[in-house]
Amino acid sequence: MRIGIVNDLAAAVDVLKRSLAAGGHEVAWIAHNGEKAIDKCSADVPDLVLMDLVMPVLDGAGATEGIMKKCPCPILIVTASIEANSTKVFEAMGAGALDVVTTPTAGPDGDIIGVRELLAKISVIGKLQGRGKVREPVKIVPKARMVPPLLAIGSSTGGPSALAELLGGLPVDFPAAIAIAQHVDGHFSENLAQWLDSQVEIKVKLARSGELVQPGQALIAPGDRHMRMGPGGMVELTLGPGENLYVPSVDVLFDSLCCAGFPSNSAAVLLTGMGADGARGMLDLRNSGWFTVAQDKESSVVWGMPGAAVKMNAARDVCSISDMAGLLIRHFKKRFRS
């Protein structure tokens, strides 16, 4: 891949160049602040941009927003500390960055610490630039017993901001339980859950294996585990299956729902995101009687996942993120309160 590097520190640039060479990638260009990055990206759009966050003139979040408006391309946030820069990470991911990883560093023996993690992220993004996989059809199992209706959400690029807007529009007495699979680094998912919880009225927390979903509570899959729903709405966190590009996988979550006994008029939503994760699972849910909704192109940072669902006729409805909460409130009120 041809990759642009945006970083104001010479030592960090040197390590990133060595890391990319080790992975067989080519450096397209180097920019030392966000403003230069927008200029260089406009003149020469690379396959991927490695974007630092804290820089002079224009920071990484502002540069990400500028690039996504002028010359959209995949952006991976590469920062010295994900935890210390969590607010800026959210800003950048809300503007369209795909993922985040810690900046590799030079070890005492000249080796590079963290290069494997960086190259793994680049590999996933490279595969996403191709196309989503075709998955096997899911077996449809009759609904089980008394479990609350479910709102299942899949999101990726631009997802944190979209989730904040959607969840922020739901009342505290929302009748459905909520399960979210957002493509995010494993070290960052706890921060994401805490940040969302601080932004909205309903309770948002990181999912734990063995807990039961509850109405009016949102559970977010950890970034290093797939989340499935077992019988009765019990959370199951797993490492496999391993063939998925992303962990957590939206398709893995959606595929598990037909067997968990949720009412058939439950809902599944695909928000902004690159690739096609969740589209196949959403089609199966629609065929099982679920209410399925895709975010529209105009309000999406990247119309990959919701666009794939629309092309497959998996979405019964398509709407903007600003109208999404109202649509879901009306659906659940009509189906489960009347």
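Start with the largest pocket of this predicted model, which has a volume of about 540 Å³. To find its middle, select Glu117, Ala120, Lys121, Asp185 and Gly186, which are the closest to the pocket centre among the 26 lining residues. Then colour the lining by class: 11 residues are nonpolar, nine are polar and six are charged.

Next, show the secondary structure around the pocket. Strand 5 (99-102) and helix 5 (115-128) each contribute at least two residues to the lining. Helix 5 supplies the largest share, with seven residues.

**The five-stranded sheet**

Keep strand 5 selected and add strands 1 to 4. The five strands form an open sheet, ordered 2-1-3-4-5, with parallel pairing. Strand 2 (26-31) and strand 5 are the edges, each pairing on one side only. On average, neighbouring strands in this sheet are turned by 25 degrees against each other, ignoring direction.

Begin at the strand 2 edge. Strand 1 (residues 2-6) runs parallel to strand 2 and is joined to it by five bridges. For one contact point, select Arg2, whose bridge partner in strand 2 is Glu26.

Now move to the other neighbour of strand 1. Four bridges connect strand 1 with strand 3, again in parallel. Here Gly4 is the residue to pick; its bridge partner in strand 3 is Val49.

Stay on strand 3 (48-51) and show its side chains. Which residues lie on each side of strand 3, and are they buried or exposed? Leu48 and Leu50 lie on one side and Val49 and Met51 on the other, and all four are buried, so that both faces of the strand are covered.

From strand 3, continue to strand 4 (residues 75-79), which pairs with strand 3 in the parallel sense over three bridges. Select Leu50 again and look across to strand 4, where Leu76 stands opposite.

Before leaving this sheet, add helix 2 (residues 34-43). Helix 2 lies across strand 1, strand 2 and strand 3. Relative to strand 2, helix 2 runs at about 135 degrees.

**Two loop residues with positive phi**

Follow the chain out of strand 3 to Val57, in the loop between strand 3 and helix 3 (60-70). Most residues other than glycine have a negative phi. Val57 is not a glycine, yet its phi is positive, at about 70 degrees. Val57 counts as exposed because its relative accessible area is 63%, and the cut-off for exposed is over 50%.

Jump to Asn313 for a second case. Asn313 sits in the loop between helix 10 and strand 16 (317-319). Its phi is also positive, about 60 degrees, although Asn313 is not a glycine.

**Strand 11 and its partners**

Select strand 11 (residues 217-220) with side chains shown. Gln217 and Leu219 point one way from the strand, while Ala218 and Ile220 point the other way. All of these residues are buried.

Add strand 9, which runs parallel to strand 11 and is joined to it by three bridges. Ile178 has Ala218 of strand 11 as its bridge partner. Then add strand 10 (residues 203-206), which is linked to strand 11 by four bridges and is also parallel. In this pair, select Leu206 and Ile220, which are bridge partners.

**Helix 8**

Select helix 8 (residues 250-257). How many of its eight residues are buried? Eight are, and the helix is mostly covered. They are Val250, Asp251, Val252, Leu253, Phe254, Asp255, Ser256 and Leu257.

To see what covers them, display the surrounding elements. The buried residues of helix 8 pack against strand 8 (150-155), strand 9 (177-182), strand 12 (226-230) and strand 14 (267-270). They also pack against helix 9 (279-287) and helix 10 (305-311).

**Last stop: Gly168**

Finish at Gly168, in helix 6 (residues 159-168). Is Gly168 buried, exposed or partly exposed? Gly168 is partly exposed, because its relative accessibility is 43%. Show its surroundings: apart from neighbours within four places in sequence, Gly168 is in contact with Leu163 and Val200. For a distance across the model, select Gly168 and His226, which are 58 residues apart along the chain. Their C-alpha atoms are separated by 25 Å.

Conventions:
Residues numbered from 1 in each chain as written. Predicted model: local features only at pLDDT ≥ 70, side-chain atom pairs only at ≥ 80, totals over all residues. Heavy atoms only, no water. 1 Å grid on protein atoms, 1.4 Å probe; cavity = no way out; pocket = protein on both sides within 12 Å on 5 of 7 lines; lining within 4 Å. Points joined across faces, edges and corners; volume = space filled by probe spheres on them. Nonpolar A, V, L, I, M, F, W, Y, C, P; charged D, E, K, R; others polar. Pairing = 2+ DSSP bridges. Axes fitted to C-alpha atoms, helices over the stretch in contact; angles between N-to-C directions. Contact = heavy atoms within 4.5 Å. Buried < 20%, exposed > 50% of the residue type's maximum accessible area, 1.4 Å probe, protein only.
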